[in-house]
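Welcome to a short briefing on a single protein chain. Please take a look at the sequence and the fold before reading on.

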Amino acid sequence: ELMTILDPPRGLVLAALRGERLLGFTTAYAVESAVYHNEVYVGDEGLPYHVSLCLFHALATLAARQGSLRELMHGFYIPTHPGLSEFKRRIGFAVVHVPVKSWSAPGLSTLGRRLQAEKYERWMGHAGTPLCPAGAALQ
């Protein structure tokens, strides 16, 4: 039996169920040849089952079966957490960094650096180098 848990106006929602219990879900959307893995929510009950990884794998499998989709955008490149990119390489993805330009109002940059330095660097980049989303080529 097919159940509708969420009905987004566009995009895709994949859910992980155990019986009638929702363990987690993910949202994604596609633009031209790229799939954007948008959000993942996993409850405590789903953690022992590695639901996040299962949902990522399901999304990648669906995307790979579509002839027009060639890239999967998933997360960010974060220099302080190199394991994120390494994980993607280990499961067979070619990790490619896509440059992004960022801008903020003059006063907000200083405030962001002082109050949330690590978060600011993730969003705006290190020493003027922009943050790069980690895209993975579907092979």
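The points below go from the overall layout to the core, then to single residues and the surface.

This is a predicted model, so please read every value here as computed from it. The chain has 139 residues, and 29% of them are buried. Its secondary structure amounts to 4 helices and 6 strands.

**Overall layout**

- Starting at the N terminus, the elements follow the order β-β-β-α-β-α-β-α-α-β.
- Among contacts with a separation of 6 or more, 54% join residues that are 24 or more positions apart.
- About 9800 Å² of the chain is exposed, and carbon and sulfur atoms supply 57% of that area.

**The nonpolar core and helix α1**

- As a general point, nonpolar side chains tend to be buried together in soluble globular proteins.
- In this model the largest nonpolar core has 14 residues. The residues with the most contacts inside this core are A16, V35, V51, L55, L59, L72 and F93.
- Strand β1 (12–18), strand β2 and helix α1 (51–65) each give at least two residues to this core. The largest share comes from α1, with 6 residues.
- Which residues of α1 are buried? They are V51, L55, F56, L59, A60 and A63.
- Helix α1 is 15 residues in length and spans 21 Å from its first C-alpha to its last, close to the 21 Å expected at 1.5 Å a residue.
- Setting aside residues up to four places away in sequence, L55 touches L14, A15, A16, G24, F25 and T26.

**Three residues of strand β2**

- F25 has its place in strand β2. With a relative accessible area of 19%, F25 counts as buried because the cut-off for buried is under 20%.
- F25 and L14 are 11 residues apart in sequence, and their C-alpha atoms are 5.5 Å apart in space.
- T27 also belongs to strand β2, which covers residues 21–31. Its relative accessible area is 14%, so T27 is buried.
- What does T27 contact beyond its neighbours within four places in sequence? Its partners are L12, V13, Y36, H37, N38 and E39.
- V31 is found in strand β2 too. V31 has 43% relative accessibility and therefore counts as partly exposed.
- Between V31 and G11 there are 9.8 Å from C-alpha to C-alpha, with the two residues 20 apart in sequence.

**The salt bridge**

- Side chains of opposite charge can pair when their charged atoms come close.
- How many salt bridges does a search of the whole structure find? The search finds 1.
- This salt bridge is formed by E45 and R21, whose closest N and O atoms are 2.6 Å apart.
- The pair links distant parts of the chain, 24 residues apart: R21 sits in strand β2, while E45 sits in the loop between β3 (34–42) and α1.
- E45 has a relative accessible area of 34%, so this residue is partly exposed.

**A nonpolar patch on the surface**

- L108, L111 and L115 form a nonpolar patch on the surface. Together these three residues have about 320 Å² of accessible area.
- L111 is part of helix α3, which runs over residues 106–115.
- At 44% relative accessibility, L111 is classed as partly exposed, because that class lies between the 20% limit for buried and the 50% limit for exposed.

Technical notes. Residues numbered from 1 in each chain as written. Predicted model: local features only at pLDDT ≥ 70, side-chain atom pairs only at ≥ 80, totals over all residues. Heavy atoms only, no water. Patch = residues over 30% accessible without salt bridge, like charges linked within 9 Å, V, L, I, M, F, W, Y side chains within 5 Å. Areas by Shrake-Rupley, 256 points an atom, 1.4 Å probe, with all protein chains shown as cover. Salt bridge = Lys/Arg side-chain N within 4 Å of Asp/Glu carboxyl O. Buried < 20%, exposed > 50% of the residue type's maximum accessible area, 1.4 Å probe, protein only. Contact = heavy atoms within 4.5 Å. Core = buried A, V, L, I, M, F, W, Y, C linked by side-chain atoms within 4.5 Å. Expected span 1.5 Å × (residues − 1).
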